[in-house]
Amino acid sequence: MQVDFYHLTRQPLDRVLPQIAEKVLAAGNRLLIVVADDDERARLDKHLWSYAPDSFLPHGCAGGANDTDQPVLLAPDIDAANGARHIALADGIWRPDALDFDRAFHFFDEERIRDARAAWKLLVGRDEVEPRYWKQNDAGRWEQAA
């Protein structure tokens, strides 16, 4: 299982998450986005409908009538009612249950770097886990640093 750590230094989550979600969907997969805070989850929900003038990301919020049909589902915890095998931890909080998925994306900023380092140390060296650390270069492109 692959865990991608995305250190948000140049671009905010609002710019990075839709790009990752689009790639997940383009590959024919579903995505669970986990954000514990209700207000932040509601803000992300609104943002995913309008982040680009020429597109939107089809999604829903957990607890709706059609959770199982959603290609992308926003939830307060790890419950992939949409059958997702990819998970995005979008609030900077690592959750060990993310290892039950095929691929995890762990987004964090400077406020959560200590927690991300602790999660990295727990995962490095585990046979069944391939952790990758991504950071942005001066041009704003993502580079794998570890």
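The exercises below work through the fold of one predicted chain. Because the model is predicted, local features need pLDDT of at least 70 and side-chain atom pairs count only at pLDDT 80 or more, while totals for chains, interfaces and linings use all residues. Residues are numbered from 1 along each chain as its sequence is written, and side-chain values use heavy atoms, with hydrogens and water left out.

**Exercise 1. State how many helices and strands the chain has, and in what order they come.**

Step 1. Helices (H or I, at least four residues) and strands (E, at least two) are DSSP runs, numbered from the N terminus.
Step 2. The chain has three helices and eight strands.
Step 3. Read from the N terminus, the elements run β-α-β-α-β-β-β-β-α-β-β.
Step 4. The radius of gyration (over C-alpha atoms) is 15 Å, close to the 15 Å from the globule rule (2.2 Å times the number of residues to the power 0.38) for 146 residues, so the chain is as compact as a globular protein of that length.

**Exercise 2. Give the strand order of the sheet and find its edges.**

Step 1. Two strands pair if DSSP finds at least two bridges between them.
Step 2. The eight strands form an open sheet with mixed pairing, ordered E3-E4-E2-E5-E6-E1-E7-E8.
Step 3. Strands E3 (60–61) and E8 (142–144) are the edges; each has a single partner strand, so one side of each lacks a neighbour in the sheet.

**Exercise 3. Work out the direction of three strand pairs and name a facing residue pair in each.**

Step 1. E5 (residues 86–89) and E6 (residues 103–108) run parallel, joined by four bridges; Ala88 stands opposite Phe105 in E6.
Step 2. E1 and E7 (residues 130–136) also run parallel, with five bridges; here Phe5 stands opposite Tyr133 in E7.
Step 3. E7 and E8 run antiparallel, with three bridges, and Trp134 stands opposite Gln144 in E8.
Step 4. The hairpin of E7 and E8 has five residues between the strands, and in it Gly140 takes a positive phi near 90°.

**Exercise 4. Place helices H1 and H2 relative to the strands.**

Step 1. Contact means heavy atoms within 4.5 Å; axes are lines fitted to C-alpha atoms, for helices over the stretch in contact, and angles run from 0 to 180 degrees between N-to-C directions.
Step 2. H1 (residues 13–26) lies across E1 (2–7), E2 (31–34), E4 (72–75), E5, E6 and E8, at about 170° to E6.
Step 3. H2 (residues 38–50) packs on the sheet, touching E2, E3 and E4, and its direction makes about 160° with that of E4.
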